[in-house]
Amino acid sequence: MSYTKVLVVSDNERIVNFFIDILNAQPNLRKIRHLRFVCGPEDTKLIGKKFGDFIIEGMDIKEDYEEIIRDYDLVISAHCKQIFPAKLTTSTKCINIHPGLNPFNRGWYPQVFSILNGLPLGATIHEIDPEIDHGAIIDQIEVAVDSWDTSLDAYNKVQDAERELIERSIESILNGTYNTLQPREEGNLNLKKDFEALREINLDEAVTFGQAIDRLRALSHGEFKNAYFYDKNTNQKIYISVRLEREK
Ligand code: 0FX
């Protein structure tokens, strides 16, 4: 069954860009359908932004889900920070693009946790069920995590994999011809609070150098101030990020 009324919900500008680029490169996919792009209702960076002939609007999914069920036959979550009400996921086909290799490190910032626990990393497109990053898998690509990767390095690889995934599966998704595979196990789930709990470094904790480097590179992501400790004299927060460089 071909989906003709499609809502794409995203809070991530790079993924919106990928999506629209890919759609514009395949005009046949756009021809017969109504496509609308929305983001969270308070996303001041994205609301009103133009991507080609699409303009991003804000939408509160919890408030508007009945209208979505009535007006759309496919909802694609492409890094949408809002949780979909169960009624929406059971009434309308909902698909998620996730920056992790389900079922490993489902949930928040998968690459941070893959650096720390060594579980595989990648990108996954899957059907949404009532649990987080849990539904039947449509397609996925694994990426390698190297010992010199920071969170940002690993995330960039994941985003490249997401672009490739969207490129290779968008046609079968919109045409409803894709196949699915159930995840091979339940895997594990990390929440925002698990990431928050990693940020404070206890200066008296005894760990190996390897563990310390992994913790700090997992929390190093460009300009983000993630890892910190409290200075013992002034009690000020001191932020840490690391730079790793491979010999050429
Ligand atoms: O959009 P996204 O890449 O993904 C997150 C979740 O990981 C994902 O499971 C969920 N489906 C999606 C809706 O939200 O997150 P982001 O754009 O907020 O952050 C991108 C990366 O930036 C993140 O992986 C780690 C890094 N980051 C971000 C923030 C806000 C930090 O290191 N520190 C931060 O404070």
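**Briefing: sheet, helix packing and local geometry**

Asn105 lies in the loop that runs between β7 and β8. The structure is a predicted model. Its seven-stranded open sheet shows mixed pairing, and helix α6 packs on that sheet. Helix contacts described below include those of α1 with α6, of α5 with α8 and of α5 with α7.

**The loop between β7 and β8**

- Asn105 is not a glycine, yet its phi is positive, at about 50 degrees.
- Pro103 is also located in the loop between β7 and β8, where β8 spans residues 106-107.
- The peptide bond joining Asn102 and Pro103 is cis, with an omega of about 5 degrees.

**The sheet**

- The strand order of the open sheet is β5-β2-β1-β6-β7-β9-β10.
- β5 (57-58) and β10 (137-143) are the edge strands, each of them pairing on one side only.
- Strand β1, residues 5-9, pairs with strand β6, residues 74-78, in the parallel sense; four bridges connect these two strands.
- Within this pairing, Leu7 has Val75 of β6 as its bridge partner.
- Helix α6 packs on the sheet and touches β1, β6, β7 (93-98), β9 (121-127) and β10. The direction of α6 makes about 155 degrees with that of β10.

**Helix α1 against helix α6**

- Helix α1 covers residues 13-25 and helix α6 covers residues 151-174; their axes come within 10 Å and cross at roughly 40 degrees.
- Because of this angle, α1 is classed as oblique to α6.
- The crossing of the two helices, α1 and α6, is right-handed.
- On the α1 side, the contact is made by Arg14, Ile15, Phe18, Phe19, Asp21, Ile22 and Leu23.
- On the α6 side, the contributors are Asn156, Gln159, Asp160, Glu162, Arg163, Ile166, Glu167, Ile170 and Leu174.
- By class, the residues in the contact of α1 with α6 are eight nonpolar, two polar and six charged.

**Helix α5 and its partners α8 and α7**

- Helix α5 (residues 110-117) packs with helix α8 (residues 209-218) at an angle of about 175 degrees, and their axes are 9 Å apart.
- Angles over 145 degrees count as roughly antiparallel, so α5 is roughly antiparallel to α8.
- From α5, Val112, Ile115 and Leu116 meet Asp214, Arg215, Arg217 and Ala218 of α8.
- The contact of α5 with α8 comprises four nonpolar residues, no polar residues and three charged residues.
- α5 also packs with helix α7 (residues 192-199), at an angle of about 55 degrees and with the axes 11 Å apart.
- α5 and α7 are therefore oblique to each other, and α5 passes α7 in a left-handed crossing.
- Val112, Phe113 and Leu116 of α5 make this contact with Asp194, Phe195 and Leu198 of α7.
- The residues in the contact of α5 with α7 are five nonpolar, no polar and one charged.
- Val112 and Leu116 of α5 take part in the contact with α8 and also in the contact with α7.

**Aromatic pairs**

- Six aromatic pairs are found in a search of the whole structure.
- Phe37 and Phe54 form an edge-to-face pair, with 4.8 Å centre to centre and 65 degrees between the planes.
- This pair links distant parts of the chain: Phe37 belongs to strand β2 (residues 34-39) and Phe54 to strand β4 (residues 54-55), and the two residues are 17 residues apart.

Note on methods. Residues are numbered from 1 along each chain as its sequence is written. This is a predicted model: local features need pLDDT of at least 70, side-chain atom pairs count only at pLDDT 80 or more; totals for chains, interfaces and linings use all residues. Side-chain values use heavy atoms; hydrogens and water are left out. Axes are lines fitted to C-alpha atoms, for helices over the stretch in contact, and angles run from 0 to 180 degrees between N-to-C directions. Angles under 35 degrees count as roughly parallel, over 145 as roughly antiparallel, 65 to 115 as roughly perpendicular and the rest as oblique. A crossing is left-handed if the near helix is turned anticlockwise from the far one by less than a right angle, and right-handed if clockwise. Contact means heavy atoms within 4.5 Å. Ala, Val, Leu, Ile, Met, Phe, Trp, Tyr, Cys and Pro count as nonpolar, Asp, Glu, Lys and Arg as charged, and the others, Gly among them, as polar. Two strands pair if DSSP finds at least two bridges between them. Rings of Phe, Tyr and Trp (its six-membered ring) pair if their centres lie within 6.5 Å; planes under 30 degrees apart count as stacked, over 60 as edge-to-face and the rest as tilted.
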